[in-house]
Amino acid sequence: MATQYGGYMGKVLKIDLTTKEVSEYPFSDRERELFIGSKTMAAKILGDHLKGTEKAFSTENLLVVTTGPLTGTGAPSASRFNISTVSPQTGYITSSNCGGHFGYYLKKAGLDALILTGQCEEKTWIEIQNDSVKFHNADDLWGMKTTRTQETLDDKLRMKNGRVRKNGKICIGPAGENLVLYSSIVSNDRVSGRGGTGAVMGWMRLKAVCVSGTKEIPIYDKDKMIAHTKKWFKYLRKHPLTGDQLPRLGTAGLVSSMQMRGMLSTKNYSRGQYEDFEKVSGEVLAEKYNIVNKGCLTCPIRCARTVEIDGRPVKGPELETLVLLGGGILNNDLEAVLKWNYELDELGMDTISAANTLSYAMEANEKGLWDNGLKFSEIEGISKIFEDIAYRRGIGNELAEGSKRLSEKYGGKEFAIHAKGMELAAYEPRKAVGLGLGYAVSNRGGCHLNGGYLVILEGLGLSINQTTYHGKADLTMMFQDLMEMISASGQCLFTSYAFFPAPLLKHPNSWYVKLVNGVLPYCGAVVRLMNKYPEMLKLHLPVFHHTKGFEYATGMKMTFGHYMRCGERGYNLEREINRRFGVNANKDALPSRLVKTLQDPKDPTSKVPLEKLKKVYYHARGWDSHGLPTKKLLKKLEII
Amino acid sequence: MVKVKMFGVARLKTGVSEFEADVHTMDELKNSVPGMTKNEVKDLVILVNGKAVSRWYRFNDGDEVVMLSPAGGG
């Protein structure tokens, strides 16, 4: 369905893997205006199909791969694509966002999105080139790890002149083939990690999708877009987080800050500090192991690390992996983490869920609930454990189910660290209670980003009171909506740091930063007003280049207020779909360790006051007391 | 004598991970960081024995100081 808007290719392709039927899926300009792209577009498509009875591993499920209107337009960090589906981990919808260049090539092939449904009769990989879709047998690829799979596919895409056709790929590894519930989908060396999207692809018997094409990505006002993009790049390069800290240290640079603030998950979230944190920190990673920084397409930040494993340059670990496979299991051997990170990517497994499942199992063993031989700080044999998980061998077959299901079998629900079935990220929320709320209410389960990432205010970027509940619910909603829309437009969430004017981060000891830190938690009413009536903000913020960039790329009118409203729509749409699957306030929960046990026995505030926070949050969102969007709200947001 | 540990961007910029300093006041500390001017140090988060302290804090022998910069990631 052609579009009047720039940034879009105007076509969504649906492939029924059972029948091999390929058809164009209608997606109108009105739907583009409302649901923008990427995860929100995917939610719209899923919402139009799902009734709430569908299982992840069933022909009724869809795997929806989407781009945003800014993907591939040259806007900074706009390489992102998204994969949404019913998650085998949570049973609700999940969305998993990925960088690299697959999204760009999907658009070069003329597609905004790809909908996959059904199940292939035989193991298959799909080749999409411009308007052609070919199904290939994947018997020879099945069982291969992710790098070898992609190298073999490149060989298959070699042209007569010997060169490999420029292409983007997504593929699964052995974990996805064997339906490990937290399998990832890998694209080059970037990973769509969370929610078990790889297992859904494995169930579909789909090993890989390769896309390539020669179509031009249209831009509504190219001259203005180019001029604006130059300014935008310059701004991000000068910003203390996107221009200095992230390029120098990557996400791993947060380890030391988290340690100082008591939010470094240690020994399966039983504490917030690890005495050996420095040995597994971003500083040591940068000083001793990082060969070169790497970035996704058109990214000025270049946060990815490159390390050497067996003489080969490979992707280094992100913060989450470093923390959860470091202090999380009481391991101070950084080289081991580098190796495991590589192995997990090769097997196609989410490092966060794998690490947390492992630390749950270690604690269950320590407490005598499950005699599995796994012990904190004993790291020999962990590589084999990961292989066993991916191939579902022995104890690995059980670990492949994740911590929620294991705790239902063996006990220890209080220390199975998940929300809605998906394991939490590396931030210990008892010293960042706003993020604790975010983890609990996040649409995809225990996610820091979908949860609003309030840690940026709670001690990392700014330093507001980490354990007060004041203001946290309204701020959580604001940041969730902001990030929802950044994702929907096809950009990396790291560009959201631009929202914080550089002086706030450059001068943490200045009077004005101290004032902001002191006052912000008590500005809940102001934030609520902005959340409730974003249309009042009919402007472009000077520090937030996204709105103008969106306008120039697409031709859609966009103000900051409208931007926020689109984010709110996306967040509520996912919640509404999850409602059909049974999500309500009871499911917005955290394990009792985090809400009942004090992290610091001397500090009565060092636990997540979840019920209190939820109540304010639901009210701020305009949801009912069951934590569900009201019909009135859904109508106002044009979701129904 | 206080023990100072450096983290974050400041550590990579100066190449200094830790040092000892014979200082009694914050002002003296800010003047004693190798490779950094007082103005640059002013913009670091400074924690003493794990806690934020006022600029008038007087150091005790054996205090452990941490210096780091605001950070973000995901």
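# Two chains, asked and answered

Biologist: How many helices and strands are there in chain B?

Modeller: Chain B has three helices and five strands. This is a predicted model, by the way. Read from the N terminus, the elements of chain B go β-α-β-α-α-β-β-β.

Biologist: How do you know whether chain B agrees with a compact globule or not?

Modeller: Set the radius of gyration against the rule. A compact globule of 74 residues would come out near 11 Å, and chain B has 12 Å, so the two agree. The C-alpha atoms of chain B fit a box of roughly 35 × 25 × 20 Å along the principal axes. Buried residues are 36% of the 74 in chain B. Of the contacts in chain B with a separation of 6 or more, 43% link residues 24 or more positions apart.

Biologist: Now chain A. What makes you call chain A as compact as a globular protein of that length, or not?

Modeller: Chain A has 26 helices and 16 strands. Its radius of gyration is 23 Å, close to the 26 Å that the globule rule gives for 640 residues, so chain A counts as being as compact as a globular protein of that length. Its C-alpha atoms fill a box of roughly 70 × 60 × 50 Å along the principal axes.

Biologist: And how much of chain A is buried?

Modeller: Buried residues make up 60% of the 640 in chain A. Looking at contacts in chain A between residues at least 6 apart in sequence, 72% join residues at least 24 apart.

Biologist: Which helices of chain A each supply at least two residues to the side that touches chain B?

Modeller: The contact itself takes 29 residues from chain A and 17 from chain B. On the chain A side, α8 (240-249), α9 (254-261), α10 (282-289) and α19 (502-506) each supply at least two residues. The largest share, six residues, comes from α8(A). By class, the side of chain A that touches chain B has 16 nonpolar, nine polar and four charged residues.

Biologist: Back inside chain A: why are α13(A) and α16(A) called roughly parallel or something else?

Modeller: Helix α13 (residues 351-366) and helix α16 (residues 402-410) of chain A have axes that come within 8 Å and cross at roughly 20°. The cut-off for roughly parallel is an angle under 35 degrees, which makes α13(A) roughly parallel to α16(A). Their crossing is right-handed.

Biologist: Which residues make that contact between α13(A) and α16(A)?

Modeller: From α13(A) come A:S353, A:N356, A:T357, A:Y360, A:A361 and A:A364, and from α16(A) come A:G402, A:S403, A:L406, A:S407 and A:Y410. In this contact there are five nonpolar, six polar and no charged residues.

Biologist: What makes A:T147 buried, exposed or partly exposed?

Modeller: Count its neighbours. A:T147 has 18 other C-beta atoms within 10 Å. Buried needs 20 or more, and exposed means 12 or fewer, so A:T147 is partly exposed. It sits in helix α4 (residues 146-156) of chain A. A:T147 and A:L347 are 200 residues apart in sequence, with 9.4 Å from C-alpha to C-alpha.

Biologist: How do you know whether A:T298 is buried or exposed?

Modeller: Try the count again. A:T298 has 21 other C-beta atoms within 10 Å, and with a cut-off of 20 or more it is therefore buried. A:T298 is in the loop between α10 and β13 (306-309) of chain A. It also has a positive phi of about 50°, though it is not a glycine.

Biologist: Why mention a positive phi?

Modeller: Because most residues other than glycine have a negative phi. A:K420, which is not a glycine, has a positive phi too, about 55°. A:K420 lies in the loop between β15 (418-419) and β16 (422-423) of chain A. With 25 other C-beta atoms within 10 Å, A:K420 is buried.

Biologist: Last one. What makes you say how far helix α17 of chain A is enclosed by the rest of the structure?

Modeller: Nine of the nine residues of α17 (residues 433-441) are buried, so this helix is largely enclosed by the rest of the structure. Among them are A:V433, A:L435, A:Y439 and A:V441. The buried residues of α17(A) pack against β15, α18 (472-489), α24 (592-595) and α25 (610-621) of chain A.

Terms used. Residues are numbered from 1 along each chain as its sequence is written. Chains are lettered from A and ligands numbered from 1 in the order in which they are written. This is a predicted model: local features need pLDDT of at least 70, side-chain atom pairs count only at pLDDT 80 or more; totals for chains, interfaces and linings use all residues. Helices (H or I, at least four residues) and strands (E, at least two) are DSSP runs, numbered from the N terminus. The radius of gyration is taken over C-alpha atoms; the globule rule is 2.2 Å times the number of residues to the power 0.38. Two residues are in contact if their C-beta atoms, placed from the backbone, lie within 7 Å. Ala, Val, Leu, Ile, Met, Phe, Trp, Tyr, Cys and Pro count as nonpolar, Asp, Glu, Lys and Arg as charged, and the others, Gly among them, as polar. Axes are lines fitted to C-alpha atoms, for helices over the stretch in contact, and angles run from 0 to 180 degrees between N-to-C directions. Angles under 35 degrees count as roughly parallel, over 145 as roughly antiparallel, 65 to 115 as roughly perpendicular and the rest as oblique. A crossing is left-handed if the near helix is turned anticlockwise from the far one by less than a right angle, and right-handed if clockwise.
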